Structure formats: C-alpha cells, structure tokens
Amino acid sequence: MRRQRLLAACATALAVTGGVLLAAPAQAETRAAAAPAGDFDGDGFGDLAVGAPEGTIAGFAKAGYVSVAYGTAQGVRTTRHKGITQRTAGIPGTPEAGDRFGSAEAVGDVDGDGYADLVIGAGGEAIGSVKGAGSVTVVFGAKGGLSADAIAFNAPTPTARQGFGDKLAVGDFDHDGRDDIAVAAGTKVYVVKGATKLRDTPKPAIKSLTPPGGGAGTGRIAAGDVNGDGYTDLATVAYMDDPADEGTLGVLAGSAKGLTGSTLGKTGLPFAGYTLVSGDVTGDGKADIVVDTTAEDGPDDFLMRMFPGTASGLGSGVAYGGEAHPGRAGVLADLDGDGHADLVTSDTTAPDPDGFNNAGSVTVVPGADSGLDASGARTITLATPGVTGASEGNDLFGSAVAAGDYDGDGTADLTVGAPGKYLGTGAVSVIPGTPDGPTGKGSILFNPESMDHPSVKARFGSALGATTQR
C-alpha cells in the first residue's frame with residue numbers, strides 16, 4: 001500500500017485543517033499503524049466530518065451541526081453516519097440561535113489512543129453573557145466510531161464577536177505522540193496540549209502566544225514540520241494594523257516544550273487576509289507553506305507564493321509560475337500517490353456553463369521535487385466530465401476543501417463543499433484520488449438529506465474535517 005509522505009497539516013481554510021499523527025504511545029501503535037490518520041473508529045479507512053453551521057436545531061436558527069460519514073473499502077458512504085449537535089448525548093452545551101456549531105473542524109489524535117478525534121469550532125457560541133465569543137468542542141474517537149465522550153473549552157477571557165473556534169489547526173507540537181490543538185482568535189494563538197486523560201479534563205489548561213508580526217489580529221493558521229526536526233510547527237498570518245494593510249507570514253517553532261515564542265522565520269505579505277496551507281510539496285520531508293491568490297496587490301495580482309521548508313526554517317517565497325487567477329488555497333494533499341503534496345485552490349465565483357456566477361471551481365496543481373508544477377494544473381467543477389452532479393449558479397463549490405484517504409488505498413481523496421447548492425441546503429462532492437490525480441471517476445455528491453439530517457438552509461459543506469497525514 002502506498003503511503004502519503006505528507007508531514008504538514010492541511011488547512012482548509014474555510015476549513016482546515018487537519019492533524020498530524022506522529023509517534024503514538026506503545027499501547028496504540030498496532031491499531032494506529034493499521035489505519036490512516038483521520039480514522040475515528042480504527043477500521044483502516046479515513047472518515048469525513050461535514051459542518052453545517054447554519055443548520056436549524058430544536059428550532060434555533062444557525063445553531064449548527066456536524067455530520068460524519070465513515071469511510072469504507074469503496075470510499076465515503078453515507079449509509080453509516082452520525083450526526084452531532086449540542087443536543088447529542090455527551091456533547092457539552094445546548095443549541096442556541098447563532099452558535100454556528102460546525103463553523104470549523106480539525107482532526108487529530110489528541111489523547112494518543114490510536115483513534116482520531118474530532119475538533120469542532122462553534123464561532124458564534126455565547127459564553128455567559130458574552131455573545132459570539134466562540135468555543136471549541138473535542139469529540140473523542142473509539143472502536144465503534146466517535147464516542148459520547150467530549151469536552152468543550154473557550155478563550156480564557158471571552159470576547160464578544162471574537163469567533164473563538166473559527167480558525168483551528170491540530171499538530172504534535174511537542175512530539176509526545178499526542179496531537180495538540182491550536183486556535184487563532186483576536187491577537188493570540190491559543191494552544192491546548194494533548195494528553196492521555198484529556199477526555200477527563202473538562203477545563204484544559206490553555207497557553208497563549210502572539211504570532212510573529214501580530215498585535216492587532218490573527219488570520220488563518222496551518223500546522224506542519226517546516227524544518228523537519230520531528231516537532232510540528234505552526235504557520236500563522238498576523239497583522240499590526242488594519243487587516244487591509246500589510247500582514248506577516250510567520251512560523252512558531254515546535255519543541256519539547258511545545259510551541260514557544262521562538263520562530264522559524266517570518267516575511268511580509270501585501271495584505272493580512274491571505275489563507276495559507278501546509279504540506280510537503282517537494283517530498284523532502286519538510287512542510288512547505290503556500291499562501292493563496294485571492295488578494296489583488298498591484299503588479300502581483302492574484303500571485304500565489306510557496307515558501308519551502310528548510311532545515312533552518314521558512315525559505316524564501318517562490319512565485320507560482322502558472323496563470324494568475326482568483327482563488328483561495330484550500331488544501332495540500334497527495335492526490336496521486338507520488339509522494340508529493342498537490343495543491344488545491346478554490347474559486348467560488350467561477351460561473352457555471354450557462355454563465356451564471358458563483359457556481360465555483362477548484363484547481364489541482366501537482367507537487368514535484370522542484371515545487372508546484374504549473375504545467376499540470378487542471379480545473380474541476382461539477383460540470384467536469386465524470387464528476388457526479390451539475391454545476392449551477394450560487395452552488396459555491398469550493399467554499400471548503402479537504403482530503404482524506406477514505407478507501408484506505410494510500411492515496412488522498414479530494415473533498416469539496418458546495419454549501420449554496422439546492423437553495424442553501426448544501427452538498428459535498430468526494431472525488432477519489434488516483435495515480436492520475438482526481439479525475440472524477442467514482443465520485444459521489446451527497447447532501448444532508450442522505451443522512452436524515454436537517455437540510456433547510458443548512459449550508460451543509462461550509463466546513464470539512466479530514467486528514468490524510470501520518
């Protein structure tokens with residue numbers, strides 16, 4: 001079986017990201033070795049979590065929920081699924097209007113038992129009387145799938161409309177075999193250390209750090225081992241002034257003590273609003289950082305940049321050599337099994353075949369020893385031959401992008417959210433990875449009705465949680 005060589009956590013952006021499974025504790029090694037990361041039940045197949053943050057629960061609009069579809073030898077199938085809300089047994093909290101439970105998701109083994117755990121953001125959660133402060137819920141994996149064991153936490157000082165939980169990353173920052181959780185909110189990055197008994201710790205200790213160039217606000221984050229020393233690092237985007245002004249891409253270094261204030265490099269960006277993703281594009285065992293193409297910055301309109309990982313940290317930015325176009329960096333994952341992470345960008349504004357706007361598209365750029373191979377880039381929509389579904393205006397295909405090895409063949413499968421489809425019900429497309437990359441063959445398209453979950457204006461597919469990493 002081929003195995004991915006990704007060492008960095010995938011971001012989705014609108015998602016996320018994922019986690020990194022490094023050295024598991026001795027008692028978990030056999031089970032963990034048999035299953036790809038992102039496997040909630042240890043059956044050898046990666047699983048997929050889908051956020052529907054605008055779903056109505058118990059009559060509360062935009063309370064939100066998460067749907068989990070389990071992997072099989074045939075890939076993701078909705079016949080075995082689980083719905084998670086704040087009404088689900090064992091899940092802390094209660095549904096309230098505007099909680100947006102499922103606004104972001106990340107996956108990793110935070111207690112080191114060999115089963116992946118699901119980290120769920122609820123960016124609109126009220127903490128006491130503080131509205132929109134946000135919270136994070138961790139649902140623990142088990143032999144039968146995600147369990148009834150869960151904990152929730154929020155920022156040490158809840159702040160109104162801060163959206164704590166909207167920006168997540170998971171990685172083993174101290175290389176102890178248990179993944180740690182990072183949350184970017186306000187001016188800080190908050191870290192909860194993974195622990196064997198984390199499920200028994202309803203109020204875990206939270207460490208806060210100011211990312212390089214920060215002081216006024218933080219952007220997206222992505223976890224990955226940038227210098228190849230075995231400790232996962234955290235890439236950040238932060239700013240000192242208005243987010244429309246210049247930002248800073250920086251890397252907080254992992255260590256035996258976890259993330260510290262030490263950095264592995266920083267560089268300026270024309271704006272602060274970039275999305276970043278992390279993955280081993282060059283196949284050298286070090287995570288590379290790619291920043292997205294969305295912002296217009298004069299002569300560098302929509303210019304995508306890759307910052308290679310090196311033994312000394314963040315390398316100099318390399319401009320993408322392909323055609324410039326709008327889009328966001330969605331995920332880095334090995335979609336063709338060649339040992340190089342491939343980049344997926346998304347453009348939700350792309351028109352459908354009839355010219356109606358906001359149908360959406362994704363572009364896959366292969367990774368290679370030399371970096372991103374612009375000559376092999378290809379665009380996929382719901383109108384691409386072989387892809388199940390139909391491309392229509394306002395689908396917003398590409399709003400969330402993730403990857404997971406759902407069929408256990410060692411090659412990542414592409415997952416794309418289309419939360420605008422079916423008048424806002426939303427849908428998710430899963431396109432299997434192959435030696436030729438995702439071609440559309442064997443793809444599926446499903447919506448919440450496939451799992452008997454709330455559907456009306458749920459925006460199903462707004463966030464995705466999966467990871468192929470090992």
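This passage walks through the salt bridges of a predicted model and then turns to one of its strands, β9.

Salt bridges first: the structure holds 11 of them. One of these joins R80 to D41, with the closest N and O atoms 2.7 Å apart. R80 sits in the loop between β2 (65-69) and β3 (81-84), while D41 belongs to the loop between α1 (29-34) and β1 (48-52), so the contact ties together parts that are 39 residues apart in sequence. The two partners sit in rather unlike surroundings: D41 is buried, at a relative accessible area of 4%, whereas R80 is partly exposed, at 34%.

Next comes R199, whose side chain meets that of D111 in a salt bridge of 2.9 Å, N to O. Here the link is between distant parts of the chain, 88 residues apart: R199 comes from the loop between β10 (188-192) and β11 (207-209), and D111 from the loop between β4 (101-108) and β5 (117-122). D111 is buried, with 5% relative accessible area, and R199 counts as partly exposed at 23%. This pair does not stand alone, since R199 and D111 are linked with D113 and D149 in a network of salt bridges.

A further salt bridge runs between D292 and R328, and its closest N and O atoms are 2.8 Å apart. D292 lies in the loop between β17 (288-291) and β18 (305-307) and R328 in strand β22 (residues 328-333), so parts 36 residues apart in sequence are tied together. With a relative accessibility of 1%, D292 counts as buried; R328, at 28%, is partly exposed.

Now for β9, which spans residues 180-185 and is mostly covered, with six of its six residues buried. In a regular strand, side chains alternate between the two faces of the sheet. Both faces of β9 are covered: D180, A182 and A184 are buried on one side, and I181, V183 and A185 are buried on the other.

β9 also has strand partners. It pairs with β8 (residues 168-171) in the antiparallel sense over four bridges, and five bridges join β9 to β10, again running antiparallel. I181 is a handy residue to follow here: its bridge partner is V170, and I181 also stands opposite V192 in β10. The hairpin of β9 and β10 has two residues between the strands, and in this hairpin G186 takes a positive phi near 60°.

Note on methods. Residues numbered from 1 in each chain as written. Predicted model: local features only at pLDDT ≥ 70, side-chain atom pairs only at ≥ 80, totals over all residues. Heavy atoms only, no water. Salt bridge = Lys/Arg side-chain N within 4 Å of Asp/Glu carboxyl O. Buried < 20%, exposed > 50% of the residue type's maximum accessible area, 1.4 Å probe, protein only. Pairing = 2+ DSSP bridges.
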